[in-house]
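Look at the four-chain model below. This report walks through its interfaces, its core, two of its helices and its charged pairs.

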Amino acid sequence: MRRILPALVALLVGLVVLLDYFLENPVLDALGSFLLEGAIILAAFALLLGLWNLLLVHERKVRRRERGWPASIVILLSTLGGLAVGLAGWRSGALDWFYRYVLFPLEASTGALLAFVVVSAAVRLWRLGSLEGTVMLVVGAIVLAGTLLPQGGALGVLTPLREWIVSVPALAAVRGILLGVALGIMATGLRVLLWIDRPYE
Amino acid sequence: MLTWPTLPPPTVEGIGVTVAAVLTLAVLSAALGSNRVSRLAFAVLVGAAVGYATTLAWWLVLWPRIMRLVRDPLREWPLLVWFALGLLLVVRGLGAASAVSSVPLAFLVGVGVALAAAGAALGTGLPLALVPWPGYGAAVQPAWAKALNTLIVAIGTTGVLLRFAYTTGSQSRLGRLWGGLARNWGRIGYLFILIGFGTLFATAIISLVGVLVSRLQFLLVDWLLVVRG
Amino acid sequence: MDLLRLLWETTSITPEGLTALAGLLAFAALILALTLRASRVGPFAVRPLAAAERVRGVLGRAMETGEPLHVALGIGGIGDVSTADTLAGLSLVSFLADRGALAEVPVRVRLAQPTALVGAIAVLQRGAEVTGYPEAYEPTQAAFVAPVPLAYAAGTAEALRLEPPAANAMVGAFGAEVLLPAQAGREQPQMVQVGGTSDPSTLPLLFAMTEAPLLGEEVYALGAAFGRADHTGSLAAQDVFRALVAFGIVLGAVLALVIA
Amino acid sequence: MIFCQACGTTNREGSRFCNQCGARLSETADIACPRCGAPNAPDAPHCQKCGLDLARGRNDVWEGPLPRVEVPEEGTPEAPEQPRRRPEGVPLRRRPHGLPPWLDSAEQPEEASSELEAGALLPGEGELALERDEGEWSGEAIPIEPVVGVPYRARERPEQPPTPEEQKAADLFAAVSAEDVFASLQPGAEEEQSERAGRPETWLRVLVALTLLVAVIVPVLLRGGPLSAEGSVPAPVAAAARAIQQVPPGATVLVAFEYDAGLAGDLQPVAEAVIGEFLSRDLHILTVSTQPEGAALAEMALERVLRARGDAGARSRVVNLGYLTGGQAAIRALAVSIPSVIRSDWEGRPLAGNPAVAGLGGAGTLPLVVVLGRDLLAVQAWIEQLGAPFNTPLVAGVPALVEPALVPYQTAGRLQGVVGGLAGAAAFERLAGRPGVGVRSLAAVRAGAWAAGLLAITANIGFALGRLLRRRGP
C-alpha cells in the first residue's frame, strides 16, 4: 500500500496533465486546471515547510555550538525579522521599504560579486596550450571585441565575425545541447510515468 | 558634472538609501576574500530572502484562497482538498513516511514531469529539430553563404548530439558502426561545444560586469550623489 | 457510447500537438520495450561518466576520513520547469544516501526550493531504512537555504567554507549564481568538485569551475551511472531518437542545399 | 557489539542485519534476559547485552580457572599522509585493509585475524584474540563473560533464505566494500593540486578586483567618454521592437517579471525600456511573476518609468498581478485563464471592474507576451507552457549571458525577438528615441568588459610564455 497509492496518484495525475496539455477538451481542461491549482497551492505550503526546516537547522547549529553558529543566530534573527515585517507591515509599506533597502541591495551586490569570480575564472580557463583553453581564448576574445568595439575602424571586421559565430557555430552547439536535453527531460518524465522511476516513495 | 559627495536627506527614503549602501559595501568587501562583514551580510541576506518569500507566498497565494473558502465554502470546497494535501506535504517533510503522506509529493512529481516532458516535446524538441533553414539573420546573406552556413549548422548540431551518445560500447556489427560514427562525429561536435562555450563565457563576462556597473552607479550616483545632471 | 462519441467530437488537437504527442508516445513505447529487454537480457553497456567515477572514488576517501559529502541541488524544485534536473540530482542523493548510511559518511544536501526539500528528505530516509540503519537519517541532513537564487548561492558558499566536505557535487538547475559555491569549493584544494546542469548558458561556468562537469543531458544519465540498470533502457531509447533526429537534420540540410 | 545468532559474527551496535550472512539480528530472538531484558536466542548461553548466564549449570562443568583474556589496546590504522585524487587510467583496485576495521572483521574473518598482528582492531573484538591465547593459563581468573561470538560459531543453524530487503542490504554492503577506498590516495595529480592551491587565488582575486573597480568607476564618473559611441542595433533587438510595434493600440499585453534582484542590474534597464515603449504606445499592461521578487521589481521598474515620463496618470493602465508559486504549473494556468487563478491585484484590489482587464481570458490569447527571464529555464518555461501550445507571440528580455542560448528559439520562430542585457537595452532605447539607464551605463560596461578581457588574455599569454621559457631553459 505504501508503494501503490503514491504511484497511482503520480501516474493518474501525470497522465491527465499530459493529455490536457495536448488535447482541447472541456472535461480535460476543467480537470487540468483543477490539478494546476493544486500544484500552485502545494508549492506555497512547501514554503512553510522550508521555513520550518531552516529554523530547525539553524536552531540545532546554535544549540550545539557548531562551527559558525553566530551566523546561524543572525540568520534566525533576520528570518524572523523578515517574517515580522512581512506579516505586520504588508500593506503599510514597511515590507516595500524592507525589500528596496535591505533585500534588494544585498542580493544585487551578491550578484555583482559574480563579476569578480567570472573574471578570475576566465584567467584560469583560457589556458593556451590545451585545446579547450585555446579555443575558448580565441573565441572569447573575438566575441568580446566584436561586442564592445564601436562600429567601423580598423577592427570593424570583428563585429560581423562575432555575429557569424553567435548565429552559426555557437547556434549549432546550443541547438544540439538543447535537443539532447529535451530528449533527456522526456526520458526522465516518461520513466516516472511508466512506473520505472519512483522518486516519491 | 562632478560634485563633492553629500549624503541623502534623513527622510525614510534617504535613510533607506544609506542602509542599502552600507549593505552593498559589506557584500562587495567579499571581492577581496571572505571576511566577517561579508559573512554577516550573507547571513542577513539568507534570512531576509526566506522571510520575504514566505510572507509573499502567504499573502498572495494562500490568504486569498483561504478567504475564498471562508466566503463561499459551498462553491470553493475543492480548495479544502488542496489545503489537506498541503498539510500532508508538510507532514511528509517533517519525516513521517506513510502511504498517505507520500501522496502530495507524488502529485507534485506527476504534474512536474508531465508538464516538463510535454513542454520539452512541443516547445523545444519539435521546433528545434525542424528549424527552417537558413534561419535567422540570413536575409542579407548571399546564396553560397546561406548554403555554407546551413551545412555548418547541420554538421555542428548533429555532432553535438552524437557527442553525448551513451550506448557506444556495443560489439554487434551495427553497434560498432554506431559507436564509431558517434565517436568520430562527436569529436567535431566537441569543437562546436567549445566554440559555443567560448561565446557564452564572453557574454557572461559582459553581463556580470553590467551587474557590477549598476551597483557602483547606485553607490556613486544615488547614494553619494557625486554625479549630477 | 454516446458519451464516448461526445468526448471524441468535443476533442481537438493542433497539428504540432499531434506530432509531438505521437513522438512522445513512440518514445514511451520504445523506453518501455528497451527497459524490459534490459531487465530480461541484461542492461545495455553505457559509457561511464567521469563525474560519477569521481564521486565513487571520493566516497571511498570519505569512508576513511569521515568527511561529509555535500550535494547542492540547485535552484530548481519539483513541479516546476526544472523538475527533471532536480530528479537527476536526487538520483545522486539517493546513491550517496544508501552508501553513506552504511559507511557512516554524513551526506549533506542544500537546496533552494522547498518542494525539492520534500523529495530529498524522502530519498535520504529511504536510503537509511533500506540499508538497515534508520538512525543514520537526520532531519537536518537536507537543508533549505533560501528560495532566492543569489541568497541560496551565498548561503551554500558560506556553508562550504564552514564545513568543507570531501566532495561538493552541484547537480540540478543552476544559473550564473553557481559561481559562488563553485568558487568556495575551489578555495579548498582537497575538495573534489563536480557539477552538472542542463542550462547551456550556465555550462561554461561549470566547465570552468569544476573538475568533471556533466554537460547538458548527461545529468539525466546519472541514475544509470550509479548502477540503476533499469535506466539503461531509457538511455538506449534516447540514442535511438538521437540517431533519428540527427539523420533528419542532415537530410533537411541536404534538401535545403538541393533546393537552393 | 551485537552478535549474529546465525553465524556469530560481531555486528555494529544498532545493526538490523548481520554484515556476514545478512540474517536479521535480534528480531528472531524470543527469550528476554531477566536482568536487562535484551532479547536472546532460545538456547543462547549468555545474554548478548549484559552477559548474564542464561544457560544455568553449564559453567559448573568447567574446572580450573578461566583463560585470561587479553583485551588488546586499540590499534591506530595507518593514516594516509596526503590524500590525492586518482589520475585517469589507473584501474580501480580493491584494497581490503583500507576498509573500516569493523567492515574488515565482518567481510572476511581470516584476513581480519591477520589484521590483529597489525594491531588494527576495534575494542570489543577480543573474541578473535582469544583464539590465539588458547591453552595459555594464568593464575587469576577474570570473572567477566569472556566468551563472546566464538562458541556460537560452533553451533550450526538451519539456513533461512534472506528476505528481499535483507538481500538488498547484503548487495549494498557488497557494493560498498567493493568501492575503491584508496581511489583518492593514488600517486599523481600533484601539479593540478598546486595549480588549485590557495596562494595564486589570493593575488589573482586582488588584481581582478582592483582592475574591474578602476575600469568601471572612471567612466561612471566621467559619464561616458569615447566608449559610449553608438554601436549598430543587434538584429534580435530590432526584431523585438518590430514585434512590439505590431501590437494594435489599446490592446493588453503581459510582461512576466521572471527575475530577481541578483541579475537585476543587467535586466532592469530592459524592463524599463520595454514598459516605457508600451506606455508610449497607449497599451494596457499586465505584470505577473512566478518568482517571489517579481512583483516588487515590477513596481520599481514602473515607478522609474513613470518618473522619467512625468505622467503618473499612466499608472492606471498597468495592473500588477503579483506573484504565484508553482512555476510552470502557474504559467500554464495563467495561459489557460487568468481570472480563475488571480482574483485581485498585488495591492488587493479586485480585478473585476478594472478596465485594463475587462473581458480578459487566458494569457495565451494576448497579442504579445514579454518574458523578462533571469536565466534560460525561466524563458523556456514560458515558451513551453504558453508560446508553443497557444502560439502566442513572445519577446524575451534576458541578461546578456543568456542571449546566445536563445538564438535557436529565434530561428525556430518561437521567439519574436530578444533584448539582451544593458547593451540590448541601450540599443532598444535608441530605437525608441528614449535614452535611459542603458545608454548611460554603456560606457562603464564596455570599459569593465574590456579590462576583464584584456586581463584574462594577457595573463594567459604570460603564462604560456613563461611555460615556453621554462621549457627552453635548463
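Chain B and chain A bury about 9100 Å² between them, and 86% of that lies on carbon and sulfur atoms. Buried area here is the accessible area (1.4 Å probe) that two parts lose on being put together, summed over both. The size of an interface is often given in this way, as accessible area lost when the parts come together.

This is a predicted model, so local features need pLDDT of at least 70 and side-chain atom pairs count only at pLDDT 80 or more, while totals for chains, interfaces and linings use all residues. Residues are numbered from 1 along each chain as its sequence is written, chains are lettered from A and ligands numbered from 1 in the order in which they are written, and side-chain values use heavy atoms, with hydrogens and water left out.

## Interfaces

The contact of chain B and chain A takes 108 residues from chain B and 100 residues from chain A. Contact means heavy atoms within 4.5 Å. Across this interface there is 1 salt bridge. A salt bridge is a side-chain nitrogen of Lys or Arg within 4 Å of a carboxyl oxygen of Asp or Glu. Here Glu37(A) pairs with Arg65(B), at 2.7 Å from N to O.

Chain A also meets chain D. There, 42 residues of chain A contact 61 residues of chain D. The two chains bury about 4300 Å², with 70% from carbon and sulfur atoms. The count of salt bridges between them is 2. In one pair, Glu303(D) joins Arg100(A), with the closest N and O atoms 3.0 Å apart.

## Core

Which residues touch the most other members of the largest nonpolar core? They are Trp126(A), Phe201(B), Val109(C), Phe257(D), Phe278(D), Trp382(D) and Leu406(D), in a core of 354 residues. Helix α6 (residues 173-223) of chain B gives the most to this core, with 22 residues. Each of domain 1 (1-88) and domain 2 (92-167) of chain A supplies at least three residues to the core. Those domain bounds come from an automatic or database domain assignment. The centres of the two domains, taken over C-alpha atoms, are 34 Å apart.

A nonpolar core is a set of buried Ala, Val, Leu, Ile, Met, Phe, Trp, Tyr and Cys residues joined through side-chain atoms within 4.5 Å. Buried means under 20% relative accessible area, exposed over 50%, and partly exposed in between (1.4 Å probe, protein chains only).

Trp382(D) shows the packing. Not counting residues up to four places away in sequence, Trp382(D) touches ten partners by name: Leu254(D), Ala256(D), Glu258(D), Val288(D), Ile331(D), Leu334(D), Val369(D), Val371(D), Gly387(D) and Leu394(D).

## Two helices of chain C

Helices (H or I, at least four residues) and strands (E, at least two) are DSSP runs, numbered from the N terminus. The expected span of a helix is 1.5 Å times one less than its number of residues.

Helix α6 (residues 149-162) of chain C has 14 residues and reaches 20 Å from its first C-alpha to its last, close to the expected 20 Å. Of its 14 residues, 12 are buried, so α6(C) is largely enclosed by the rest of the structure. Its cover includes α4 (94-125) of chain A and α2 (36-71) of chain B. Chain C itself adds β1 (69-74), β2 (107-111), β4 (167-173) and α7 (179-186).

Helix α2 (residues 15-40) of chain C has 26 residues, which should span 38 Å; its end C-alpha atoms are 37 Å apart, which agrees. Among its buried residues are Leu21(C), Leu24(C), Phe27(C) and Ile31(C). Their cover includes α1 (4-22) and α7 (169-193) of chain A, α4 (103-129) of chain B and α10 (232-259) of chain C. Just after α2(C), Gly42(C) takes a positive phi of about 125 degrees.

## Charged pairs

Over all chains, the whole structure holds 36 salt bridges. Three are listed here.

| Pair | N to O distance |
|---|---|
| Glu201(A) and Arg198(A) | 2.8 Å |
| Glu277(D) and Arg434(D) | 3.2 Å |
| Arg309(D) and Asp311(D) | 3.4 Å |Salt bridges that share partners also join Arg68(B), Asp72(B), Arg75(B), Glu76(B) and Arg343(D) into one network.

Are the partners buried or partly exposed? Glu201(A) is buried, with a relative accessible area of 12%, and Arg198(A) is partly exposed at 22%. Glu277(D) is buried at 10%, whereas Arg434(D) is partly exposed at 30%. Glu277(D) lies in helix α9 (residues 264-280) of chain D and Arg434(D) in the loop between α14 (421-432) and α15 (437-472), so the pair ties together parts that are 157 residues apart in sequence.
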